[in-house]
Amino acid sequence: MSERIILDYSIDILKDKVISVVGYGNQGRAQAIVMRNHGLNVIVGNIRDEAWERAVKDGFNVYDIDEAAEKADIALLLVPDEVAPEVYRKYIVDKVLHKDHFILGFASGYNISYGFIKPLENMDVILVAPRMIGAGIIELHKMGRGYPVLLGVAQDVSGKAWEYAAALSKAIGAIGKPGGIAIKSSFEEETMVDLMTEHTWMPLLIASFIIYFELLTKEYGVNPETAILELYASGELAETAKAMAEMGLFEQFKLHSRTSQYGQLTRLDKLLKNSFLWEFFKEEAEDISTGRFAKEWSLEQKIGSPIYRALLNRFKRSPIAEAEDKLYKVLERR
Ligand code: NDP
């Protein structure tokens, strides 16, 4: 398989395989349902909790994770990244050691990129990482539409690892339909783009909301509700994001007034001339590519995530969050 962009692929290579979905959460449930709709033999491995009950209710054969791994030819590890290394070591390794060949699939590059999971030598290790939330995967499947997915191969014992990755991307509903595209990427590239989103433009967006809110409500007499509706509560932001996806970053400018376009373009130009922003992005890219962030997060988890919990508490009690709570109660969103 030489092409970098794959729009469709046969799932035949998966037809004689038992596919175990490990973790029946956001991704696990969606991927399991869509793969079963493609006629594949899907079982679920989970801890005995509500997700287990949901999988049973959805009509799957559900097993403890070790038993599911033993029965499977392919295991898709769809548990949260921070628990995946323990789940792999505790429940999967021993059960697949003796197999001639096994396929271990991930939806995120994190644990392989940073060496938190070191796969056995009898495994193809593949990445099939949807650029879509679980609920979206099911919704798009019902609408007959696909979505983007990044593929990667970290170990190719069978010589067919890319084929398995491409076939799985079709099986989970990503390709073979309008809107669907699979890109031959890597565990490292997926980790880089995923973490960069989380460390740069997402917090920058929320930081701008906070500064906007505090400045306008404290110094310019703007009502808190007006500011929050303007920023994100009205849903206009989501519509603009949708237009960016469908029309393109600058083509969607035509949906805004000339006054808006002029204001956006001149201030964009001013921001891009600010070296602080470039330095901030560069620093984050370095933290990710050198593994500094992964080390920081591992240490934080080892001591019970005190910084994570303290920050979440602090921001949940910030002026914007308190004003949002009042507004959302009026709007019956909570
Ligand atoms: P979820 O948080 O939805 O959890 C998945 C499952 O793992 C749940 O069934 C959960 O059980 C179970 N689980 C949690 N803790 C443990 C544990 N200690 N031992 C065993 N099972 C456990 O995960 P996601 O679906 O969000 O993420 C799965 C993978 O997909 C990750 O690699 C993620 O990076 C990737 N991904 C996620 C996307 C998303 O939209 N969320 C998008 C693209 C990729 P319970 O419900 O009881 O907690």
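**Exercise 1. Work out how many residues bring domain 1 and domain 2 into contact, and where these domains lie in the chain.**

Solution. Start with the contact itself: four residues of domain 1 touch eight residues of domain 2. Contact here asks for heavy atoms within 4.5 Å. Keep in mind that you are looking at a predicted model. Next, place the two partners: the domain assignment puts domain 1 at 5-185 and domain 2 at 195-330. Finally, check their separation, which is 32 Å between the C-alpha centres of domain 1 and domain 2.

**Exercise 2. Find the area buried between domain 1 and domain 2, and say which three residues of domain 1 supply most of its share.**

Solution. Begin with the idea behind the number: the size of an interface is often expressed as the accessible area that is lost when the parts come together. For domain 1 and domain 2, this buried area is about 480 Å². Carbon and sulfur atoms give 61% of that area. Now turn to the side of domain 1: Glu82, Tyr110 and Tyr114 supply 86% of the area it buries against domain 2, more than any other three residues.

**Exercise 3. Describe the chemistry between the two domains: how many salt bridges and polar contacts are there?**

Solution. First look for salt bridges across the interface of domain 1 and domain 2; the rule finds zero. Then count polar contacts: one residue pair, with both residues at pLDDT 80 or more, links domain 1 and domain 2 in this way. Last, sort the residues by class: where domain 1 touches domain 2, its side has three nonpolar residues, one charged residue and no polar ones.

**Exercise 4. Which residues are closest to the ligand, and how much of the ligand does the protein bury?**

Solution. Step one is the shell: 22 residues surround the ligand, and the closest are Tyr24, Asn26, Gln27, Asp49 and Asp81. By class, this shell holds 13 nonpolar, seven polar and two charged residues.

Step two is the polar atoms around the ligand's oxygen atoms. A polar side-chain atom of Asp81 is 2.6 Å from a ligand oxygen. The backbone takes part as well: a polar backbone atom of Tyr24 sits 3.1 Å from an oxygen atom of the ligand, and for a backbone N or O atom of Gly25 the distance to a ligand oxygen is 3.4 Å.

Step three is the cover: the ligand taken alone exposes 890 Å², and the protein buries 71% of that.

Terms used. Residues numbered from 1 in each chain as written. Predicted model: local features only at pLDDT ≥ 70, side-chain atom pairs only at ≥ 80, totals over all residues. Heavy atoms only, no water. Domains from an automatic or database assignment. Buried area = accessible area lost by both parts, 1.4 Å probe. Salt bridge = Lys/Arg side-chain N within 4 Å of Asp/Glu carboxyl O. Polar contact = N/O pair within 3.5 Å; in protein donor to acceptor, adjacent residues only side chain to side chain. Nonpolar A, V, L, I, M, F, W, Y, C, P; charged D, E, K, R; others polar. Near = heavy atom within 4 Å. Areas by Shrake-Rupley, 256 points an atom, 1.4 Å probe, with all protein chains shown as cover.
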